[in-house]
Amino acid sequence: MTRHDLIDITDPPAPGFSEAEIETIDAARVILRRHVRATAVLQSWTMLTDYLALNAVRERVEVFRVLLLDRKNKLIRDKIMSRGSIDHVPVYVSEVLRSALVLDASALILCHNHPSGDPQPSQADIDMTQKIVDACRVMSITVHDHLIVGFGREQAAFSMRAAGMLGD
């Protein structure tokens, strides 16, 4: 029995990767997830983008996730909020806010992937992010960033905070 016999529809093989590379990525994801939970997720840009990229590498559709953080920026939970299509993912501000409130998160990092490889945000991405930032501000929850992960020849991540798009 090969690894592919054990994969179900929710765990599609990543296009362009060999089985050995996929196994290495899976092992790295487990190690990095364990390390992220034990340390401040914001301690380095590289650690954060590597973590997000490793989690997005297998996705063939857009996936919107939220990293819910405590007051020391330690990860409380990495929550997939929704899965979409190849070029869209539905995001509900109320669901993001509810998750933060239920888990007593004081900060969030929003993230989604662009399977096309281009991490540049669409106007819909920008508008949705601003709605979440505005709602979180009312509840005194900080949105540290919205990162868009893309894959081309090299993994790339777009930071809305670095681009001045978070409106604060």
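This is a short tour of a predicted model, moving from the whole chain to the residues packed inside it.

Begin with the entire protein in a cartoon view, where you can look for five helices and five strands. If you trace the chain from the N terminus, you will pass these elements in the order α-α-α-β-β-α-β-α-β-β.

Next, switch on the surface, of which the protein exposes about 9000 Å², with carbon and sulfur atoms supplying 54% of that area. Beneath this view, 43% of the 168 residues count as buried.

Now select Phe64, Val96, Leu108, Leu110 and Ile132, which, among the 22 residues of the largest nonpolar core, are those that touch the most other members. To see which parts of the chain build this core, colour β1 (63-69), α4 (93-102), β3 (107-114), α5 (123-138) and β4 (142-151), since each of these elements gives two or more residues to it. The greatest share comes from α5, which contributes five residues.

Stay in this region and centre the view on Val96: which residues does it touch, once those up to four places away in sequence are set aside? Showing side chains, you should find Phe64, Val66, Met81, Val91, Leu108, Leu110 and Ile132 in contact with Val96. Apart from this core lies another one, of 13 residues, and you can locate it by selecting some of its members, including Ala53, Ala56, Cys111 and Val149.

Finally, return to the whole chain and consider its contacts between residues at least 6 apart in sequence, of which 63% join residues that are at least 24 apart.

How values were computed. Residues numbered from 1 in each chain as written. Predicted model: local features only at pLDDT ≥ 70, side-chain atom pairs only at ≥ 80, totals over all residues. Heavy atoms only, no water. Core = buried A, V, L, I, M, F, W, Y, C linked by side-chain atoms within 4.5 Å. Buried < 20%, exposed > 50% of the residue type's maximum accessible area, 1.4 Å probe, protein only. Helix = DSSP H or I, 4+ residues; strand = E, 2+ residues; numbered from the N terminus. Contact = heavy atoms within 4.5 Å. Areas by Shrake-Rupley, 256 points an atom, 1.4 Å probe, with all protein chains shown as cover.
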